[in-house]
Amino acid sequence: MLRAPSYFVLAALLDGPLHGYVIIKRVDALSGGSVRLAAGTLYAILDRLTDAALIEVVNEEVVNGRARRYYALTPEGTDAVQAEAARLAAAAKIVTNRALRRRTVNATAVSPA
Amino acid sequence: MSDVLARRYRAVLRAYPRSYRAGRGDELLGTLLDTASPQQRWPSVHEAASIVAEGLRARLDAGTRRPPRAVWLDGLRVAVVLLLAYAHAEVMGDVVWRAVSARSDIVLLLLALLSILVVLRGRPVAALLLASAWLALQVWTHTVSWHLVTAVLILALLAFWLRPVWQARSVSWLIVVPVMIAVQHGPWIVAGPVYLHPHTNVAIIVAAVACAVGALLDPRVPIIAASMLVAEILRTIMWFASAGDTPSSVVALRVDLRSWPWVLVLAATASILVLIGHLRMRRLTSL
């Protein structure tokens, strides 16, 4: 299971490596404004995801005299975010798809006498 | 100008430990300046709060990058160190106020310091042996410290059941010894003729609340606080009485539940703290 901020950070990296500031902007856009990361929070998430081998640093350049690192998904990271997306989609279908919900519920329902 | 802002953000970034700043500081600063508007001269509150919180967590090595079990065991380890230091401060108090140093006191102080050191170096079994020897000596001299009893119980739990693999911790942690002495005996010395008992109940509740707040930063803090409260509960309900002053005098161990409402408050607070610590730990270590 992934918490929402981690999920959106991984999702932001699906289309290629990004660096800190752009990740924050993209997460804001992808989540519809519901996940607004401060820099400290972002780097804590990046550290956790790196520890879990879901992302890695792929490039480093010097901009304005400071290091800028680019992060990308590892294959495990791609699998993890896609698995989470599938899980969320299945959970959403129970609400949006009435026929599916009825089929699932009927298997457990106790019919009145 | 962004130079001014960069200087101010650098100051806030000092919340992070030096090793972290050496590796990631520039990158963090770059991101902070990218997110700032061109005319901005002061760090935003949102960003500054996030930096301070994460920086302090990194300093405390709050275990957000380790599995929950390791964080629990580390919390218990720090709890043992504080309990032993507290018991040591009690012995120190006895020695100083009585102004007479019996040989057993010197042995007690040595055993105390050794056991704290051994816990810091990461050897729970050796620490258990030393602390048990210390406790045995206390029983023999008829003054039992319930903080020491709690420490021995936790060490027994660790040595026989949980079996942690601990890395040696810096010896500078021994600073807790003088800190505990100051905490325990400071109020006496400062207050002078006014009787300010160091075990004042209000201080305990205030400390418990502060620890719940500390849980925001470090999930080990509530675990440590709960351990100290367990010692306080034991101190309140258990009575180790001796009929005389010689080692061969009859000793009795009694349970006194007359102050059960207070014990209930302490027990409830300890349980809530453990729960807070556990929940925060699960949250901070999850992805």
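In the predicted model, B:Arg24 and A:Asp47 form a salt bridge in which the closest N and O atoms are 2.6 Å apart. The rule finds 3 salt bridges across the interface of chain A and chain B. In addition, 15 residue pairs are in polar contact between the two chains, counting pairs with both residues at pLDDT 80 or more. On the side of chain A that touches chain B, at least two residues each come from helix H2 (20–30), helix H3 (39–51) and strand E3 (66–73) of chain A. The element that gives the most to this side is H3(A), with 9 residues.

The extent of the interface was computed both as contacts and as area. In terms of contacts, 27 residues of chain A meet 26 residues of chain B. The area buried between chain A and chain B is about 2200 Å², and carbon and sulfur atoms account for 50% of it. Within chain A, the residues that lose the most area to chain B are A:Arg3, A:Tyr43 and A:Arg66, which together make up 28% of what that side buries.

Chain B has 287 residues, of which 46% count as buried. Its secondary structure consists of 11 helices and 2 strands. Along the sequence of chain B, these elements follow the pattern α-α-α-α-α-α-α-α-α-α-β-β-α. Among contacts in chain B with a separation of 6 or more, 75% are between residues 24 or more positions apart. The exposed area of chain B is about 15000 Å², with 69% supplied by carbon and sulfur atoms.

Over all chains, the count of salt bridges comes to 14. Within chain B, one of them pairs B:Arg220 with B:Asp74, with the closest N and O atoms 2.5 Å apart. B:Arg220 belongs to helix H10 (residues 220–237) of chain B and B:Asp74 to helix H4 (residues 68–98) of chain B, so this pair ties together parts that are 146 residues apart in sequence. Both B:Arg220 and B:Asp74 are buried. Some salt bridges share partners, and through them A:Asp47, A:Glu60, A:Arg69, B:Arg24 and B:Glu27 are joined into one network.

A salt bridge within a single helix is formed by B:Glu54 and B:Arg57, whose closest N and O atoms are 3.0 Å apart. Both residues lie in helix H3 (residues 45–59) of chain B, with a spacing of 3 residues, or about one turn of the helix. B:Glu54 and B:Arg57 are both buried. In chain A, a salt bridge links A:Arg68 to A:Glu61, and the closest N and O atoms of this pair are 4.0 Å apart. A:Glu61 counts as partly exposed because its relative accessibility is 31%, a value between the limits of 20% for buried and 50% for exposed.

On the surface of chain B, a nonpolar patch of about 450 Å² is made by B:Val255, B:Leu257, B:Trp260 and B:Leu264. Of these patch residues, B:Val255 is placed in strand E2 (residues 251–255) of chain B. B:Val255 has a relative accessible area of 55% and is therefore exposed, the limit for that class being over 50%.

Terms used
Residues are numbered from 1 along each chain as its sequence is written. Chains are lettered from A and ligands numbered from 1 in the order in which they are written. This is a predicted model: local features need pLDDT of at least 70, side-chain atom pairs count only at pLDDT 80 or more; totals for chains, interfaces and linings use all residues. Side-chain values use heavy atoms; hydrogens and water are left out. Patches are made of residues with over 30% relative accessible area and no salt bridge: like charges are joined within 9 Å, nonpolar side chains (Val, Leu, Ile, Met, Phe, Trp, Tyr) within 5 Å. Accessible areas come from the Shrake-Rupley method with a 1.4 Å probe; for residues, only the protein chains shown count as cover. A salt bridge is a side-chain nitrogen of Lys or Arg within 4 Å of a carboxyl oxygen of Asp or Glu. Helices (H or I, at least four residues) and strands (E, at least two) are DSSP runs, numbered from the N terminus. Buried means under 20% relative accessible area, exposed over 50%, partly exposed in between (1.4 Å probe, protein chains only). Contact means heavy atoms within 4.5 Å. Buried area is the accessible area (1.4 Å probe) that two parts lose on being put together, summed over both. A polar contact is a pair of N or O atoms within 3.5 Å; within protein, one must be able to donate a hydrogen and the other to accept it, and residues adjacent in sequence count only if both atoms are side-chain atoms.
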